[in-house]
Amino acid sequence: MKSPAINQAMNILRELRAISEASHDIPEKMEKIVTMIAQQMGADASACYVVVDDNYLELFASCGFNPGMAHKISVPVGEGLVGEVVQTGRSLIVADVWKHPSFSYKPDIGEEPFKSFIGVPLIRWHRAIGVISLQKKEVYEYSRAELEVLETVAMVLTDMVASEEMIDYKNQLIKSRGQSSREKYKGLSLSKGYGIGNAVVHRRRQAVTKIFAEDKEKELKRLEVAHTKMNADLDEKFNSTKLGIGEHVDILDAYRMFAKDKGWYKKVSDNVNSGLTADAAVERAYEDMWNRLSGTKDAYMRERLHDLRDVADRLIGYLNGDQIGKQAARYENLVVVAQTMGPADLMDYDYTKIRGLVIEDGTPTMHVAIVAKALGIPVVAKINGIYNQIKNGELLALDGNEGYVYIRPSSPVQERFKAKIREKEQLRAKLASLKKLPSKTLDGHRINMYLNVGLAFDLDYIETTNCDGIGLYRTEIPFMASDVMPDVERQISYYRELMDRAGNKKVVFRSLDVGSDKLLPYWSNAGEENPAIGWRSIRITLDRRAILRKQMRAFLRAAEGKELNVMFPMISNYAEFEEAKETLLIELEKEKRRGNPTPKKVNVGLMIEVPSIVFQLEAVLKEADFISIGTNDLAQFVFACDRGNPRLTERYDVLSAPFLHVMQEIVTKADEAGVLCSVCGEMAGNPIEAMALISLGYRNLSMSGSSFGRVKSMVRSLNVEEMEDYIRILLRSNRRTLRPQLISYANDHGIEIY
Ligand code: PEP
Ligand code: MG
């Protein structure tokens, strides 16, 4: 911003603060504010609209138009110029509104004399909650400098509109009109389960009221102190076993790395150097990043944006000496309600007391949801407006299975929830009691059950499940959580830890499977058009052979004196497997020549994830010691269906003849060749799908720890030979999905599919 514009913005902000402090009458205050802004910016009229419910904007104050129109004009979001500003979340400049296609004429307000228009959205948490607009009588194009001034003013106005005082005012308005507030909200379930507790509204974000710095050096110092303290506290939290953070090492490690990111810190300091306060500088740096990245389709980048929002809020909190989580100490059962949250935020509370999470802007892949799921906390997300609706201490009931949140639930609803929670506890106890029992079907078939492991907390399941081993160790996860490519020594320590925890149990290491949706922070993505079928996985590690060699060396050294099982992902043809296997064997020879101790035995396998390899199975099975089917990728390529696209999830089903035929073909060929064959995709962890796999001949399943009990319970109630005939009949069906038939079969035959 150039200095006359800065001066103008500073004048407006000064007056805005003075008006705000002088009056607590909201209508009067708003009126004075819009009048002052119009005068300062040489406009003939101005208006402030506020979103009252999700779909409507209401005129809260105006000047220059017909008087007394506040609360009498409402506009649907998307309609007219102000409606467009809210819908798009972007500022709009129009030289002559009468010629603009979106302009919608409202006779009551008295807008006939005005031509030019500038509207700036009041953005809170990526959503417009209102608009401030100015108009002049003449045809006029507002300048970039004027836009910047109004955008700066809008930042402060946003905090005013989102204040507690304003929310109470809006609620009173709604009440006085006889509109009852909703008590039951439907959202998106991100983690299953039921919970009841007192609401703790996670208000991290501070209103940034002071935008321009008076003393640059002082601000830089403030920033440095807050940043250092924040990182020191994060380190302490991270290392604190009392908070249970040790269970979430990988996600939190990645977050910590983000908080320490030098590039971002430099951007914030540059903003301070250009005249902003430390708080405003953090906010501006975040907004710049958001403007650049919010349009990205890349799920990984979107999650990084969430982390950045969280780090920005945390830092602003530190700049203001905030104490998070204090109010929660009063309650034994908490339901945390947040607009958005980072994984570290969860650790601000005693997570053993958290009975549920409501996250207004949540997505299934967001880190806090992943951590909450691992901790067994139900999560419901995507309920517009709920964050402002709920007050601290209110009783909330959360149905994470169906995605409902009940505010102040009635006694019968509370009773129902308590019964559900008890039922779930009983089921958990029942599943836990299976731990010592063999994983054997009713007709005596032993099913080997393994774990899929990626994050550090997954390792706890080794003890709690009594599994047969680790069927899939996703080695890319520690690579993703590290800020530099881990060297051989670092890798050895990861792998050794896993082998030590596994004891005598088998461990299958998968070579680095990056690319597509799994990006390394220190490795720029080539920006491919089709990353899922692009340069990923084994294609990368064969091309960048040094990475593969180093990983093989680390595997060999970590498994000294033990059995080593290595498999390669995304193998598309025989030659690729041969090349990968040779790389491992050459490293083994080198280790022997160096005189280094080597594993007792080395088994080499591959993942079946690409349909083409199914047509070369005979050849590849001669060279492989084992195979493991990655049904997540295999299904996406068999159906040509992006595995991450929610629009397609209902369209194709792995429980259908085409896919089950492929699965049958693989296990039959592997059995004929005498090669161990397992499934490590999601299919193996879902009882009904695992049931179908067993009936097709699969005897080795690898799944996440949280699925273990349910699958074991199914296994122990299944009669395989009885079911084999039924699956043969089903394979002839042309139905889109065979799921209903399989569920009915399970129900009719007493097979437990929780
Ligand atoms: C799979 O594709 O099924 C698999 C297990 O690998 P990932 O999910 O890690 O791609
Ligand atoms: Mg895969």
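Okay, so which helix gives the most to the shell around ligand 1? Keep that in your heads for a second, and remember while you look at the structure that this is a predicted model.

The winner is helix 23, which puts 3 residues into that shell. Helix 23 covers 631–638, and along with strand 16, at 469–474, it is one of the elements that each supply at least two residues. Overall, 14 residues surround ligand 1, and the closest are Arg474, Arg510, Glu609, Asn632 and Arg643. Sort that shell by class and you get 7 charged, 4 polar and 3 nonpolar residues.

Now the polar contacts. Arginine 510 has a polar side-chain atom 2.8 Å from an oxygen atom of ligand 1. Arginine 474 does something similar, with a polar side-chain atom 2.9 Å from a ligand 1 oxygen. With glycine 630 we're on the backbone: a polar atom there sits 3.4 Å from an oxygen of the ligand. As for cover, ligand 1 on its own would expose 290 Å², and the protein buries 98% of that.

Okay, leaving the ligand, let's look at a helix pair. Helix 25, residues 687–696, and helix 28, residues 739–748, have axes that come within 10 Å and cross at roughly 85°. An angle from 65 to 115 degrees counts as roughly perpendicular, so that's what we call helix 25 relative to helix 28.

Who's touching whom? From helix 25 the contact uses Ile688, Glu689, Met691 and Ala692, and from helix 28 it uses Arg739, Leu742, Ile743 and Ala746. By class, that contact has 6 nonpolar residues, 2 charged and no polar ones.

That's it from me, thanks!

How values were computed
Residues are numbered from 1 along each chain as its sequence is written. Chains are lettered from A and ligands numbered from 1 in the order in which they are written. This is a predicted model: local features need pLDDT of at least 70, side-chain atom pairs count only at pLDDT 80 or more; totals for chains, interfaces and linings use all residues. Side-chain values use heavy atoms; hydrogens and water are left out. A residue is near a molecule or strand if one of its heavy atoms lies within 4 Å of it. A polar contact is a pair of N or O atoms within 3.5 Å; within protein, one must be able to donate a hydrogen and the other to accept it, and residues adjacent in sequence count only if both atoms are side-chain atoms. Accessible areas come from the Shrake-Rupley method with a 1.4 Å probe; for residues, only the protein chains shown count as cover. Helices (H or I, at least four residues) and strands (E, at least two) are DSSP runs, numbered from the N terminus. Ala, Val, Leu, Ile, Met, Phe, Trp, Tyr, Cys and Pro count as nonpolar, Asp, Glu, Lys and Arg as charged, and the others, Gly among them, as polar. Axes are lines fitted to C-alpha atoms, for helices over the stretch in contact, and angles run from 0 to 180 degrees between N-to-C directions. Angles under 35 degrees count as roughly parallel, over 145 as roughly antiparallel, 65 to 115 as roughly perpendicular and the rest as oblique. Contact means heavy atoms within 4.5 Å.
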